[in-house]
Amino acid sequence: MGSRASSLLREEDIEEIKKETGFSHSQITRLYSRFHSLDKGENGALSREDFQRIPELAINPLGDRIINAFFPEGEDQVNFRGFMRTLAHFRPVEDNEKNKDPSAGEPLNSRNNKLLFAFRLYDLDRDDKISRDELLQVLRMMVGVNISDEQLGSIADRTIQEADTNGDMCISFSEFIKVLEKVDVEQKMSIRFLH
Amino acid sequence: TTQLSQGYRSFKPTELHCLRVWLSVVLGLIVLPAMFGVSLGFTDLYVKALVKTLEWATLRIQRGQKEEDAVPAHLPNGIIEKDDGSMEEEIGELRRSHPKSLAGGDFTLCDAFYFCKKGIESIVEDQVTQRFTSEELASWNLLTRTNNNFHYISVRVTIIWGLGVFIRYCILLPLRVTLAVLGLSWLVIGTTLVGLLPHSNVKTWISDLIHVTCYRICARALSARIRYHNKENHPKKGGICVANHTSPIDIVILANDGCYAMVGQIHGGLMGVIQRSMVRSCPHVWFERSEMKDRHAVAKRLKDHVADKTKQPILIFPEGTCINNTSVMMFKKGSFDIGATIYPVAIKYDPQFGDAFWNSGKYNMVSYLLRMMTSWAIVCNVWYLPPMSLQDGEDAVHFANRVKSAIARQGGLVDLFWDGGLKREKVKESYKEEQQKMYSSMIVGQD
């Protein structure tokens with residue numbers, strides 16, 4: 001007798017994920033149930049189609065970009081570790097996090113890492129720069145057919161102009177951080193996980 | 001000759017005697033009272049005993065849980081807590097913290113945060129995919145099939161569980177299967193015989209009797225305890241009865257309290273035999289597979305049926321597919337376009353005693369029925385709601401949504417606009433286009 005889904009998840013794995021992501025034991029088992037229910041092929045990994053089967057995600061204008069964030073470069077499958085690592089970015093930032101072991105490195109849900117996640121939504125070719133073209137493509141995803149090319153182009157130009165400080169007509173990660181320094185990233189890019 | 005006699009098993013007199021006793025017990029104590037609608041009180045006693053046992057088991061489990069694994073006694077049905085703000089509110093808040101003043105709408109890089117957060121929230125927990133799997137229980141009900149988050153607790157609980165397995169599989173299951181077989185044979189034979197009679201009031205009366213008694217036997221076969229509320233709103237002839245759909249058993253639940261004309265596709269096999277014999281004694285609306293595609297033909301047949309005031313009310317499940325009884329999904333507008341009076345009915349199963357939901361992707365009909373017959377019991381409430389009709393200036397879609405909300409409210413179910421067809425199909429692009437349109441108006445202001 002034991003929970004069917006989490007009997008495939010060993011205690012050692014749960015401990016490792018706990019250390020890496022900061023999720024609690026019960027949160028990990030609940031998220032494993034969710035992972036398992038999304039995994040229609042029952043092969044221990046999720047494909048892009050598994051994500052697209054979620055209707056609320058399929059109608060999200062940035063759905064494809066979000067799904068992409070789960071898959072490392074060039075891969076089509078994400079296992080539970082990878083799934084949890086990506087979700088960990090959205091854990092709220094708690095005060096006791098600051099007292100954690102400094103040698104553990106920056107936690108996945110730090111303000112910086114949350115901003116990096118958002119940056120990568122725009123940076124389509126993962127070259128650490130948001131070019132005008134990339135910005136246009138993402139804008140097109142968000143607005144659909146409702147805005148003309150010219151209008152969209154001028155919106156993109158204006159955005160780059162405001163953010164670009166070194167004149168290379170692209171937005172680097174540090175420029176991205178500077179533009180959004182007053183935005184409450186901790187709250188807006190966090191999800192309230194229960195227990 | 002010795003080899004032959006070893007090959008064949010001869011029936012000893014004692015075995016035949018046992019069989020006779022068994023059948024007479026079943027007939028006398030269960031089938032006959034059921035047919036006359038009389039309850040000997042066995043099911044009520046059984047359910048009371050069950051409740052006590054399950055309460056005891058829950059206490060043991062709560063005591064046995066460690067501090068680390070502590071799941072709150074009333075498990076909130078969710079992994080995350082969501083914000084309920086609209087797109088405008090949320091993006092507006094995001095932009096307020098931006099240094100540049102943005103009057104009249106504009107684009108900012110932080111707009112993507114809204115879509116990102118919504119997207120990740122839907123990956124962790126969404127409103128739709130959870131409706132196509134069985135509901136998670138807050139406390140274990142001693143059935144392994146519902147054991148998702150509970151671990152081994154103690155020897156005593158295991159023993160009770162083992163006893164439960166024995167009772168369910170070795171005592172209840174054979175009894176229930178016998179009853180089901182009896183009930184269905186009675187239906188087929190009875191309706192075929194009645195079909196030979198000429199059309200008359202007597203024929204209708206006998207046909208109704210046969211249908212009701214068969215369903216009552218089937219209800220006993222599931223150890224069903226059904227409570228009907230507001231019987232004064234019972235569907236009348238010439239109307240259409242609509243209800244939320246959880247499983248094929250819904251038909252048995254509703255037909256225990258009245259006769260309905262069924263609507264559906266004609267199947268082959270055993271199902272087809274039952275359907276064909278049913279229609280001999282009283283008019284049901286069965287369609288060939290090809291006819292189902294033609295919406296006008298379907299509507300016409302339904303209209304003709306309700307126009308004839310001597311025919312029973314039609315029973316329709318407008319969701320079109322089985323949902324897990326935690327929510328009501330989109331009602332297809334077809335039955336609301338006919339112009340007949342709609343009698344809404346809400347059905348809510350108590351998941352504590354057995355999960356009635358048919359996950360047709362995971363289980364076929366036979367394994368589903370087996371699961372039903374090895375559950376503790378099926379306990380449910382049926383509410384008859386006051387009749388509703390199409391109002392002036394209202395279209396069928398709006399009417400369907402109105403009825404859906406009424407049913408959801410009464411049954412304590414979540415009212416969703418999502419289509420039950422999403423179980424198998426992709427979501428329509430138009431929903432995404434709606435989102436894009438809404439967002440565009442935030443960037444460029446009023447067009």
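Contact here means heavy atoms within 4.5 Å. The views below are taken from a predicted model.

**Figure 1. Surroundings of Thr321(B) in the loop between strands E6 and E7 of chain B.** The loop that holds Thr321(B) runs between strand E6 (314-316) and strand E7 (327-328). Leaving aside residues up to four places away in sequence, Thr321(B) touches His245(B), Gly420(B), Lys423(B) and Arg424(B). With one of these, Lys423(B), the contact is also polar: the two side chains approach to 3.1 Å. Thr321(B) has a relative accessibility of 11% and therefore counts as buried, the cut-off being under 20%.

**Figure 2. Helix H12 of chain B and the elements that cover its buried residues.** Helix H12 spans residues 365-373 of chain B. Its buried residues are Tyr368(B), Arg371(B), Met372(B) and Met373(B). An α-helix has 3.6 residues a turn, so residues three or four places apart point the same way. The cover over the buried residues of H12(B) includes three helices of chain B, namely H6 (155-195), H7 (201-221) and H8 (249-255). Strand E9 (378-384) of chain B is also part of this cover.

**Figure 3. The largest nonpolar core, with residues from chain A and chain B.** This core has 73 residues. The members that touch the most other members are Phe51(A), Phe83(A), Tyr122(A) and Phe176(A) from chain A, together with Phe107(B) and Phe113(B) from chain B. The element that gives the most to the core is helix H5 of chain B (residues 111-124), with eight residues. Domain 1 (13-89) and domain 2 (108-190) of chain A both contribute residues, so the core lies between these two domains. A second core, separate from this one, has 47 residues, among them Ile249(B), Ile347(B), Trp358(B) and Met373(B).

**Figure 4. Contacts of Phe83(A).** Which residues does Phe83(A) touch, not counting residues up to four places away in sequence? Within chain A they are Leu31(A), Phe35(A), Leu46(A), Phe51(A), Phe70(A) and Val78(A). From chain B, Ile123(B) is touched as well. Phe51(A) and Phe83(A) are both among the residues of the largest nonpolar core that touch the most other members.

**Figure 5. The interface of chain B and chain A.** The contact takes 62 residues from chain A and 64 residues from chain B. About 6,000 Å² is buried between the two chains, and carbon and sulfur atoms account for 65% of that area. On the side of chain B, Leu109(B), Phe113(B) and Ile123(B) supply 14% of the area buried against chain A, more than any other three residues. Four salt bridges are found across this interface. Polar contacts join 15 residue pairs across the interface, counting pairs with both residues at pLDDT 80 or more. Strand E1 (80-81), helix H4 (87-96), H5 and helix H14 (429-444) of chain B each give two or more residues to the side that touches chain A. H5(B) has the largest share of that side, twelve residues.

**Figure 6. The salt bridge of Arg34(A) and Asp126(B).** The side chains of Arg34(A) and Asp126(B) meet at 2.8 Å, N to O.

**Figure 7. Domain 1 against domain 2 of chain A.** Chain A is divided into domain 1 (13-89) and domain 2 (108-190). Taken over C-alpha atoms, the centres of the two domains are 24 Å apart. The contact between them involves 15 residues of domain 1 and 14 residues of domain 2. The area buried between the domains is about 1,200 Å², with 63% given by carbon and sulfur atoms. In domain 1, the residues that lose the most area to domain 2 are Leu62(A), Arg65(A) and His89(A), which together give 54% of what that side buries.

**Figure 8. Polar pairs and helices where domain 1 of chain A touches domain 2 of chain A.** One salt bridge is counted between the two domains. In a salt bridge of chain A, the side chains of Arg126(A) and Glu73(A) meet at 3.5 Å, N to O. Five residue pairs, both residues at pLDDT 80 or more, are in polar contact across the domain interface. On the side of domain 1 that touches domain 2, helix H1 (11-21), helix H5 (63-70) and helix H6 (80-88) of chain A each supply at least two residues. H5(A) gives the largest share of that side, four residues.

Note on methods
Residues numbered from 1 in each chain as written. Chains lettered and ligands numbered in written order. Predicted model: local features only at pLDDT ≥ 70, side-chain atom pairs only at ≥ 80, totals over all residues. Heavy atoms only, no water. Core = buried A, V, L, I, M, F, W, Y, C linked by side-chain atoms within 4.5 Å. Buried < 20%, exposed > 50% of the residue type's maximum accessible area, 1.4 Å probe, protein only. Domains from an automatic or database assignment. Buried area = accessible area lost by both parts, 1.4 Å probe. Polar contact = N/O pair within 3.5 Å; in protein donor to acceptor, adjacent residues only side chain to side chain.
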